[in-house]
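Visitor: Please bring up the model, and then let us work through it residue by residue and element by element.

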Amino acid sequence: MGLNKTARAASAIACAVVLAACVLLLFTPFPRGAAAEDESYLCEWSDGSVSEESYASAFSAYVESDGEGALLVRGALSGKILFGEAFRKGYAVLNGGELAKMLALGTDGLLRLECAALFCAFSDTLFYDGGYFEWDGNGFVRTQARKARELCLLSGGLARGVLLKTGAEKLILRKGARISAEDFIGSSVREAEAAFPYSFENGAAYFYEAGNKRLAAGLPHVETIAVSSDTDYADEGALSPCSRLREVTLPFCGNGREKNGETYFGEFGYVFGRDETGRYAVPETLARVTVTGGFLVSRAFYLCPYVREVNACGVPAEHISPDAFAGMDGLEYLHCPCADLALDGDFVAETLSCGCTAFRKAR
């Protein structure tokens, strides 16, 4: 039950702003259903001792709640006060994502410290379901757009610019929520979690459909991203939010692992989408690309003048067009299983131990 020093430090930082606001609860009347002034709580400490805490003493040592109780830190000791069923139910409802249950939630049956813990846990979270909602300490109510560290999308999609308006650093997707890469463009989101059919892995969002895994979006802060090797498809513009991307690894080029007639797009720029002129908007920061499978069609990397290095070692040689890398003015190094390629400029070739050929631009 003890908290290690790293966890305590991280928790303390994350809760600092919230606790600054919550400390007002010590000096102001609490919402309806607040407990009596003589309320006390039993705290079990990491050294095995048990103490009886008043609201003031417990709140002064409060760090966070794990959904079952209050976690306290006092000096070198960590402790936990277990809460009752009313708190656990309220926490689960606010963490569950069902709007009807949230709107029906109140503070009846909650002790004063439980009310404070519930407020601290969710006061910096803004909920969205066609409009904005928040937990105000008394209940779940409609509100206006405001700055918040977390945005929780309960169902449906986001209206244009919601992530920008809130400045959210974390996005939480509940069951029935829908997002697209466009939602993330220009936002501050650095962290995300999701319920099925979405998942977030290493800075990218994936959508599961009919047994397939699809790349849906990249987060805007990432500079290096490795798209999951078991990805089957990619949305057009999935990586368009990644304006600072320097290096990317993809399991295929274009929109899918396999060629599917007229629905197949094999150009590398597909995952970055198009700009207002209709050209693929590959970021100028992107210098290194690794492709581990799929197909490299004719001129697969056209309109990628800033890419300097490409590694295609994992792509079957028979899946690579001889002029797949034609039009790459900035190419300086290529690692490829094919030795006979059309490249722009003069290159020196070298056979590698893996059987591939390394092409280095002549100086």
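Visitor: What is the relative accessible area of Arg214?

Guide: This is a predicted model, in which local features need pLDDT (the predictor's confidence in each residue, from 0 to 100) of at least 70 and side-chain atom pairs count only at pLDDT 80 or more, while totals for chains, interfaces and linings use all residues. Residues are numbered from 1 along each chain as its sequence is written, and side-chain values use heavy atoms, with hydrogens and water left out. Buried means under 20% relative accessible area and exposed means over 50%, with partly exposed in between, for a 1.4 Å probe and protein chains only. Arg214 falls in the partly exposed class, because its relative accessible area is 22%.

Visitor: Which residue forms a salt bridge with Arg214?

Guide: A salt bridge here is a side-chain nitrogen of Lys or Arg within 4 Å of a carboxyl oxygen of Asp or Glu, and in the pair that Arg214 forms, the closest N and O atoms are 3.3 Å apart. The partner counts as partly exposed at 47% relative accessibility. The residue that pairs with Arg214 is Glu209.

Visitor: How many residues apart in sequence are the parts that Arg160 and Glu182 tie together?

Guide: Arg160 and Glu182 form a salt bridge whose closest N and O atoms are 2.9 Å apart. Helices (H or I, at least four residues) and strands (E, at least two) are DSSP runs, numbered from the N terminus. Arg160, which counts as exposed at 72% relative accessibility, belongs to the pair just described. Because Arg160 sits in the loop between β9 (150–153) and α6 (162–166) and Glu182 in helix α7 (residues 181–184), the separation between the parts they tie together is 22 residues.

Visitor: Which strand holds Lys170, the salt-bridge partner of Glu191?

Guide: The side chains of Glu191 and Lys170 meet at 3.8 Å, N to O, and the pair links distant parts of the chain, 21 residues apart, with Glu191 in strand β11 (residues 191–194) and Lys170 in strand β10 (residues 170–173). Glu191 is partly exposed, with a relative accessible area of 40%, whereas Lys170 counts as buried at 11% relative accessibility. Lys170 is also the bridge partner of Glu150. The strand that holds Lys170 is β10.

Visitor: Which residues are linked with Lys170 in a network of salt bridges?

Guide: Side chains of opposite charge can pair when their charged atoms come close. The structure holds 21 salt bridges. Some of them form a network in which Lys170 is linked with Arg174, Glu191 and Glu193.

Visitor: In what order do the 6 strands of the open sheet lie, and how large is the average twist?

Guide: Two strands pair if DSSP finds at least two bridges between them; β9 and β10, for example, run parallel and are joined by 4 bridges. The pairing in the sheet as a whole is mixed, and the order is β8-β7-β6-β9-β10-β11. The edge strands, each of which pairs on one side only, are β8 (140–143) and β11. From one strand to the next, the twist averages 25°.

Visitor: Which residue does a cis peptide bond join to Phe196?

Guide: The omega of this bond is about 20°. The residue joined to Phe196 lies in the loop between β11 and β12 (198–201). That residue is Pro197.

Visitor: What is the phi of Asn202, and what is that of Ala210?

Guide: Asn202, in the loop between β12 and β13 (204–209), is exposed, with a relative accessible area of 68%. Ala210, in the loop between β13 and β14 (212–218), counts as exposed at 76% relative accessibility. Neither residue is a glycine, yet phi is positive, near 50° for Asn202 and, for Ala210, about 50°.

Visitor: How many of the 11 residues of helix α5 are buried?

Guide: Helix α5 (residues 112–122) is mostly covered. Its buried residues include Arg112, Glu114, Cys115 and Phe119. The count for the helix is 10.

Visitor: Over which residues does pLDDT stay under 50?

Guide: The mean pLDDT of the protein chain is 90, and 90% of its residues reach 70 or more. For the stretch under 50, the model has 49 contacts (heavy atoms within 4.5 Å) beyond four places in sequence. The stretch in question is residues 1–36.

Key:
Axes are lines fitted to C-alpha atoms, for helices over the stretch in contact, and angles run from 0 to 180 degrees between N-to-C directions.
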